[in-house]
Structure formats: C-alpha cells, structure tokens
Amino acid sequence: MKEVFHVSSGGLIEDPTSTSSITWTSWTSVLGPEVLGMWPVGSSKFKVDINTVHVPHCGGALVAGDDLGSVNLFKSFPLKDCPASSIKYFGHSAVITCVRFTSDDEYLLSTGGEDS
C-alpha cells in the first residue's frame, strides 16, 4: 500500500481511488507493484539486488541498475509482466549505484560503485 500525502495540508490521502490514477512525474522506487516485473525469477535465492531505477520524463520505459554491474532497459512502464523482458547493458566493474535519464530524456547516465 502506498502512503500518499496532500502537499498543502500534510494529511494522508486515505481514499485508494484518489491515488490509483495518479501519473507520477518521476519514479525511483525499486519496490511496488509497478516494478515487480523487473525482478529476475529467483532473485532472492541468488541474492541479486536491484539498487536503482529511473523512468524517463516522457514515461513508457524504465531502467534499472543491479549488483552485477548491469543496466537493464525495460521498454514499458509499469512492468505488468513477470518477468518483464529487457535489454541488458554492461560497462561497469561492479554494483550500479545510480541510473538517471537527462532532463530531455536523450541520454542515460549510470554510476558504478567500484569504477575507477
């Protein structure tokens, strides 16, 4: 369950129908029903962690960085299929710590925790 608060009053919005149709301007959470499809089957068994995600400003896609140094591009968002198909990119020596699209969605930037 999401807890959504009204900005001006600070009060919790308790009506789920009010929050279910919200179109978020950004998404960086690795948890929630919207991103279940990005988790590999058996990820808890194999200790694969997804550390960072980002949805471009235009929506419709999601990128995720994981502990294995890969950046995964999903061509849809939310990820309703489980597991969702993705294009996998490599280029970091270890864990991906952050992924972000630029403000014009033209480029994707990623940082690795062990890069030198």
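**Figure 1. Two helices and eight strands make up the protein chain.** The model shown is predicted. Read from the N terminus, the elements follow the order β-β-α-α-β-β-β-β-β-β. The C-alpha trace spans about 45 × 35 × 25 Å along its principal axes. The protein chain has 116 residues, and 32% of them are buried. Take the contacts in the protein chain with a separation of 6 or more: 37% of these link residues 24 or more positions apart.

**Figure 2. Strand β3 pairs with strand β4.** Strand β3 covers residues 50-54, and strand β4 covers residues 62-66. The two run in the antiparallel sense and share four bridges. Which residue of β4 stands opposite H54? Look for V63. Strand β3 is mostly covered. Of its five residues, four are buried.

**Figure 3. The largest nonpolar core holds 13 residues.** Six members touch the most other members: M38, I50, V53, L62, A64 and F74. Strands β3 and β4 each supply at least two residues of this core. A second core, separate from this one, has five residues. Among them are V71, I96, V99 and F101.

**Figure 4. F74 makes contacts along the chain.** Which residues does F74 contact, once its neighbours within four places in sequence are left aside? On the lower-numbered side are G37, M38, A61, L62 and A64. On the higher-numbered side are L79, A84, S85 and S86. Three of these partners, M38, L62 and A64, also appear with F74 in the list of core residues that touch the most other members.

**Figure 5. Strands β7 and β8 form a hairpin.** Strand β7 spans residues 96-101, and strand β8 spans residues 108-112. They pair in the antiparallel sense over five bridges. Find C98, then look across to T111 in β8, which stands opposite. How many residues lie between the strands of this hairpin? There are six. In this hairpin, D105 takes a positive phi near 60 degrees.

**Figure 6. The largest pocket is lined by 14 residues.** Its space comes to about 200 Å³. Which lining residues lie nearest the centre of the pocket? They are I22, T23, W24, W27 and F77. Sort the lining by class, and eight residues are nonpolar. Five more are polar, and one is charged.

Methods:
Residues numbered from 1 in each chain as written. Predicted model: local features only at pLDDT ≥ 70, side-chain atom pairs only at ≥ 80, totals over all residues. Heavy atoms only, no water. Buried < 20%, exposed > 50% of the residue type's maximum accessible area, 1.4 Å probe, protein only. Pairing = 2+ DSSP bridges. 1 Å grid on protein atoms, 1.4 Å probe; cavity = no way out; pocket = protein on both sides within 12 Å on 5 of 7 lines; lining within 4 Å. Points joined across faces, edges and corners; volume = space filled by probe spheres on them. Nonpolar A, V, L, I, M, F, W, Y, C, P; charged D, E, K, R; others polar. Core = buried A, V, L, I, M, F, W, Y, C linked by side-chain atoms within 4.5 Å. Contact = heavy atoms within 4.5 Å.
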